[in-house]
Amino acid sequence: MVNQMEDEVPVIDFAGLEGDQEQRKSVSRQVAEACQTWGFFQIVNHGTNPELMKRSKQVSKEFFYLPEQEKMKIKVGPGNIRGWNHSKLTGATGDNELVKPDTVEHIFLAQFPDDEENAKGYPLNPPSYRATILEYAGEIRTLHSKILSVMWEMLGLSAEQVEKLISVEHMTMRTNFYPLRKESDPPGGVCHPHSDPGGITILLADDVSGLQVKKDGRWVQVDPVPGAFIVNVGDSAEIMSNGTYKSVEHRGMPNQTQERLTIASFSGPMLEDEVGPLDEILSERNPPRYRRDIFRNYIRSFHMRGLDGKNGLDAYKLL
Ligand SMILES: O=C(O)CCC(=O)C(=O)O
Ligand SMILES: [Fe+2]
């Protein structure tokens, strides 16, 4: 681990995953431990093209810089959470309080499956937006699989089972834009405390601080290592691991010296997949701690509650 401090989210050097067996084992142990304690870690030397990361941030910022009337063309609507979202649109999706007052401006879109349905909601401006984001999504999908592979291996699953669990068929992205906020400005423009519903999240945090993670009842700031990704365990991975891996509450705050852009990429089960503790790890001593349900229902229940702490997961706990 690089730069390890007790009260800092672990930073893991992924170069070791391409090394010999010992090096791979060491990285795998660090990943499993981080998933069990923090539910969060940063990764460096992850192999993702830095130029593509930069272009994805750039094209996203270009979208957010557009005049409001242009962004309104892809705004969310009743029963539709895809597209551009702003606290001005509070309640616009019809899903209770999906958009709370003071919510950060963001855009939510799906990348995989790469079909007609998921192509909906993309902005036509800037013209290169969709192509760039899909190129980025393609690289990030590989990284999702790599991380998931380590996580499931470390639970003792067979290579065959791991293989089945790491193909990322369903992937979505939430891009958050936090304009520079001075101390004298009224509070607002935040990503409210929540846990992520999917498998894992890979966050491109633009080297600007603002993400905070709940640890032992208090908020801990994550200072992004330049060029790193911040990875976290989602609710589905917590459920599938029967609680071994932790989906931890976090929130996104504006930065007081720089504007902030974050791109969160969520890999998850397919909407019709059943999510429940993996049979292979259950035993008399490790009985199921969560009830099973299809992911579509889980997501619906999650959104009905709005972004609000870990309520989504609590509703599925058995013990
Ligand atoms: O912007 C951030 O720092 C956090 C974003 C986040 O947690 C999310 O989009 O799910
Ligand atoms: Fe999140």
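The legends below describe close-up views of a predicted model.

**View 1. The iron ion (ligand 2) and its protein donors.**
In this predicted model, the iron ion (ligand 2) is held by three protein donors, namely His194 through NE2, Asp196 through OD and His250 through NE2, which lie 2.1 to 2.2 Å from the ion. Read along the sequence, these donor residues follow the spacing H-x1-D-x53-H. The two histidines come from distant parts of the chain, since His194 belongs to strand 6 (residues 191-194) and His250 to strand 11 (residues 250-252), 56 residues apart. Are these two histidines buried or exposed? His194 counts as buried because its relative accessibility is 7%, under the 20% cut-off, and His250 is likewise buried, with a relative accessible area of 5%.

**View 2. The open sheet that includes strands 6 and 11.**
Four strands form an open sheet in the order 6-11-8-9, and their pairing is antiparallel. Strand 6 and strand 9 (218-221) stand at the edges, where each has a single partner strand, so one side of each is left without a neighbour in the sheet. From one strand to the next, the twist averages 20 degrees. When looking at such a sheet, it helps to recall that in a regular strand the side chains alternate between the two faces.

**View 3. Pairing between neighbouring strands.**
Strand 6 and strand 11 pair in the antiparallel sense over 2 bridges, and here the bridge partner of His194 is His250, so that the bridge joins two residues that also serve as donors of the iron ion (ligand 2), because both are listed among its protein donors. On the way across the sheet, strand 11 is also paired with strand 8, again antiparallel, over 3 bridges, and in this pairing Gln212 stands opposite Arg251 of strand 11. Strand 8 is joined in turn to strand 9 by 4 bridges, with the two strands running antiparallel, and Val213 has Val220 in strand 9 as its bridge partner.

**View 4. The hairpin of strands 8 and 9.**
In the hairpin formed by strand 8 and strand 9, 2 residues lie between the strands, and Asp216 takes a positive phi near 45 degrees. Asp216 is exposed, with a relative accessible area of 70%, and its side chain meets that of Lys215 in a salt bridge with an N to O distance of 3.5 Å.

**View 5. A salt bridge between strand 8 and a loop.**
The side chains of Lys214 and Glu249 meet in a salt bridge, at 3.8 Å from N to O. Lys214 lies in strand 8 (residues 211-215), whereas Glu249 lies in the loop between helix 7 (235-240) and strand 11, so the pair ties together parts that are 35 residues apart in sequence. Lys214 is partly exposed, with a relative accessible area of 28%, while Glu249 is buried at 16%.

**View 6. Other salt bridges in the model.**
How many salt bridges does a search of the whole structure find? The search finds 17, and among them is the one in which the side chains of Lys73 and Glu70 meet at 3.0 Å from N to O. Of this pair, Lys73 counts as exposed at 63% relative accessibility, and Glu70 is partly exposed at 22%. Elsewhere, Lys57, Lys61, Asp206 and Glu259 are linked in a network of salt bridges.

**View 7. The annotated region.**
The UniProt record, an unreviewed entry, annotates residues 169-269 as "domain: Fe2OG dioxygenase". Over these residues the chain is 6% helix and 44% strand, and the C-alpha atoms at the two ends are 7 Å apart.

Conventions
Residues numbered from 1 in each chain as written. Chains lettered and ligands numbered in written order. Predicted model: local features only at pLDDT ≥ 70, side-chain atom pairs only at ≥ 80, totals over all residues. Heavy atoms only, no water. Donors = N, O, S within 2.8 Å, 3.2 Å for Na, K, Ca; no water. Buried < 20%, exposed > 50% of the residue type's maximum accessible area, 1.4 Å probe, protein only. Salt bridge = Lys/Arg side-chain N within 4 Å of Asp/Glu carboxyl O. Pairing = 2+ DSSP bridges. Axes fitted to C-alpha atoms, helices over the stretch in contact; angles between N-to-C directions. UniProt positions renumbered as here; feature names shortened; annotations may be inferred.
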